Amino acid sequence: MVAGIPGTSISGLYYILLAFLMPVKEAYLSCNGRSSVKRWFNVALQMVNAAGIIGCIFGTGWVLSYVIRKSQLMMHGQIPQQVSSLMSLTSACAALAILAVVLLVVLGMSLVMPKRPSRIRE
Amino acid sequence: MSDIKGSDLTVLVPAYNEASTIADTIRSLKEQTLPATEVIVIDDCSTDNTSEIARSFGVTVVRPPKNTGTKAGAQNFGLALVKTQYTMAIDADTTLAPDAIEKLIPAVHDPKICAACGMVLPRYVRTVWERGRYIEYLFAFSFYKPIQDYYDRPLISSGCFSVYHTSALKANGGWQTRTMAEDMDLTWSFYHDGYGVRFLPEAVCYPVEPHDFKFMSKQLRRWSHGFVQNVRLHWRDVVHIPMLRSAIAVVLWDAVVATLAYLVLFPVLAVLVSPYFLLWYLIDGPAVAFPVLLQAARRNEFQKALASMPSFFVLRTVNSYFMLEALWSEVVLGKTLKVYEKGH
């Protein structure tokens with residue numbers, strides 16, 4: 001099974017950020033002799049995925065802005081000033097802020113909630 | 001090829017009225033490059049000839065005194081008979097790539113790893129529901145899951161095809177029947193117990209996915225309720241597990257916010273403000289398509305994936321309804337789904 005609704009909202013952003021952190025972790029592992037070519041291939045593949053997703057988001061935003069501005073020019077005879085780019089910047093900042101809040105909330109919960117023992121005895 | 005007697009593995013195949021699919025499942029198990037020591041089909045009191053078909057392949061077939069009511073119940077009945085070091089669970093409508101077991105089992109040779117799962121792809125990609133699921137799987141199993149695995153926290157060891165340390169599985173009491181998603185319950189229990197779980201994309205399985213709305217809705221209802229039930233059951237424990245808690249938190253956030261956006265916000269804004277807001281249903285299409293088509297191209301399935309993309313958006317919107325229904329029912333109304341209905 002898959003959990004939730006793949007390909008939506010802050011999940012995508014979360015995994016994009018994790019993908020961009022992968023080379024940092026892999027470089028650390030390489031320094032400690034715990035990396036491999038196969039692992040670096042996986043890192044590169046996910047970096048390509050993440051970069052491609054970001055490129056597609058910007059590309060879609062650009063195309064939509066263009067279409068909306070053109071249609072508004074045709075309908076109203078004027079082009080709204082920087083509305084589309086402002087909206088996309090606001091959306092990106094809002095998504096990052098929401099993700100940060102969600103991650104901080106669960107981190108905070110882990111600090112204040114008592115940890116229950118696992119059934120495995122060390 | 002690995003030593004064919006060296007798997008030390010029992011495969012459990014829970015089956016209820018699977019006469020149309022179980023032959024393919026057993027055949028694919030028999031044709032493995034690393035065959036299992038034993039294959040046990042648990043015929044959960046089927047009313048068709050599932051037992052007879054399974055026996056004709058020479059595998060062990062057992063039957064509980066009465067229908068157990070859940071897949072987990074049937075699996076537990078079979079688990080009591082397992083004597084090997086490793087146990088594999090596979091659905092009776094799922095086939096494996098010929099080298100799936102050989103690719104998957106080395107992961108659990110590490111004593112700290114007690115479960116491992118592989119790549120899941122629909123066997124048939126014909127209807128809008130199967131196509132939507134195909135894209136959903138390509139996206140999740142080529143982007144989300146490898147990243148989860150990289151950080152040592154796959155969210156779920158998929159119930160349709162996973163291998164386990166038998167001792168850890170038995171210590172957990174087998175598969176619990178307390179939620180509608182026994183695989184998620186088991187995976188999160190393992191993490192709490194300090195074990196690791198792996199995802200190996202090289203090991204591929206092919207389940208039969210729901211082909212129409214009736215069966216898809218049953219599966220989505222079960223999965224959505226199962227997710228909510230597991231969050232309610234495990235949240236005090238998973239909050240102490242880094243990466244897992246983050247992954248669950250963002251899924252939960254999306255489950256609430258994305259569903260409200262798809263089902264309420266976008267239609268309202270489209271009516272009250274501008275029809276342009278309907279574009280939000282599709283606006284992330286290219287972003288979803290990128291990893292999907294990349295993975296599909298690597299599998300020589302580019303055209304199939306491209307043709308299936310529109311179905312993804314249909315499935316996602318329907319999925320949103322069932323997620324919202326599960327949240328409302330389980331959390332607000334306190335009505336827990338207890339009846340296990342198969343996807344087909």
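This passage walks through a predicted model, from the makeup of one chain to helix packing, a buried leucine, cysteines and backbone angles.

A good place to start is chain A. Its secondary structure amounts to 3 helices and 0 strands, and the order along the sequence reads α-α-α. Chain A has 122 residues, of which 31% count as buried. Its contacts also tell something about the fold: among those with a separation of 6 or more, 51% join residues 24 or more positions apart.

The next topic is how helices pack. Two packed helices are described by the angle between their axes and the distance between the axes. One such pair brings the two chains together: helix α2 of chain A (residues 37–76) packs with helix α5 of chain B (residues 128–150). The angle is about 135°, and the axes lie 11 Å apart. Because of this angle, α2(A) is described as oblique to α5(B). The crossing of these two helices is left-handed. On the α2(A) side, the residues in contact are A:Arg39, A:Asn42, A:Val43, A:Gln46, A:Asn49, A:Ala50 and A:Ile53. Their partners in α5(B) are B:Ser142, B:Phe143, B:Pro146, B:Ile147 and B:Tyr150. Sorted by class, the contact of α2(A) with α5(B) holds 7 nonpolar, 4 polar and 1 charged residues.

A second pair lies within chain B. Helix α8 (residues 213–238) and helix α9 (residues 244–272) pack at an angle of about 145°, and their axes are 11 Å apart. Here, too, the crossing is left-handed. From α8(B), the contact draws on B:Phe227, B:Val231 and B:Val238. From α9(B) come B:Leu244, B:Arg245, B:Ile248, B:Val251 and B:Leu252. The contact of α8(B) with α9(B) has 7 nonpolar residues and 1 charged residue, with no polar ones.

What does a buried residue touch? B:Leu29, in helix α1 of chain B, offers an example. Its relative accessibility is 5%, so B:Leu29 counts as buried. Leaving aside neighbours within four places in sequence, B:Leu29 is in contact with B:Val11, B:Val13, B:Val39, B:Ile90, B:Leu96 and B:Ile101. One of these partners shows how the chain folds back on itself: B:Leu29 and B:Ile101 are 72 residues apart along the chain, yet 8.7 Å separates their C-alpha atoms.

Cysteines come next. A disulfide is a covalent bond between the sulfur atoms of two cysteines. A search of the whole structure finds 0 disulfides over all chains. Why does B:Cys117 have no such bond with B:Cys160? The cysteine sulfur closest to that of B:Cys117 belongs to B:Cys160, and at 8.7 Å it is too far for a bond. B:Cys117 has a relative accessible area of 0% and is therefore buried. A:Cys31, in contrast, counts as exposed because its relative accessibility is 70%.

Finally, two backbone angles deserve a look. Most residues other than glycine have a negative phi, and most peptide bonds are trans. B:Asn17, which is not a glycine, has a positive phi near 55°. B:Asn17 sits in the loop between β1 (9–15) and α1 (22–30) of chain B, and with 28% relative accessibility this asparagine counts as partly exposed. B:Asp152 likewise has a positive phi, of about 65°, without being a glycine. The loop between α5 and β7 (161–165) of chain B holds B:Asp152, which counts as partly exposed at 43% relative accessibility.

How values were computed: Residues are numbered from 1 along each chain as its sequence is written. Chains are lettered from A and ligands numbered from 1 in the order in which they are written. This is a predicted model: local features need pLDDT of at least 70, side-chain atom pairs count only at pLDDT 80 or more; totals for chains, interfaces and linings use all residues. Side-chain values use heavy atoms; hydrogens and water are left out. Axes are lines fitted to C-alpha atoms, for helices over the stretch in contact, and angles run from 0 to 180 degrees between N-to-C directions. Helices (H or I, at least four residues) and strands (E, at least two) are DSSP runs, numbered from the N terminus. Angles under 35 degrees count as roughly parallel, over 145 as roughly antiparallel, 65 to 115 as roughly perpendicular and the rest as oblique. A crossing is left-handed if the near helix is turned anticlockwise from the far one by less than a right angle, and right-handed if clockwise. Contact means heavy atoms within 4.5 Å. Ala, Val, Leu, Ile, Met, Phe, Trp, Tyr, Cys and Pro count as nonpolar, Asp, Glu, Lys and Arg as charged, and the others, Gly among them, as polar. A disulfide is a pair of cysteine sulfur atoms within 2.5 Å. Buried means under 20% relative accessible area, exposed over 50%, partly exposed in between (1.4 Å probe, protein chains only).
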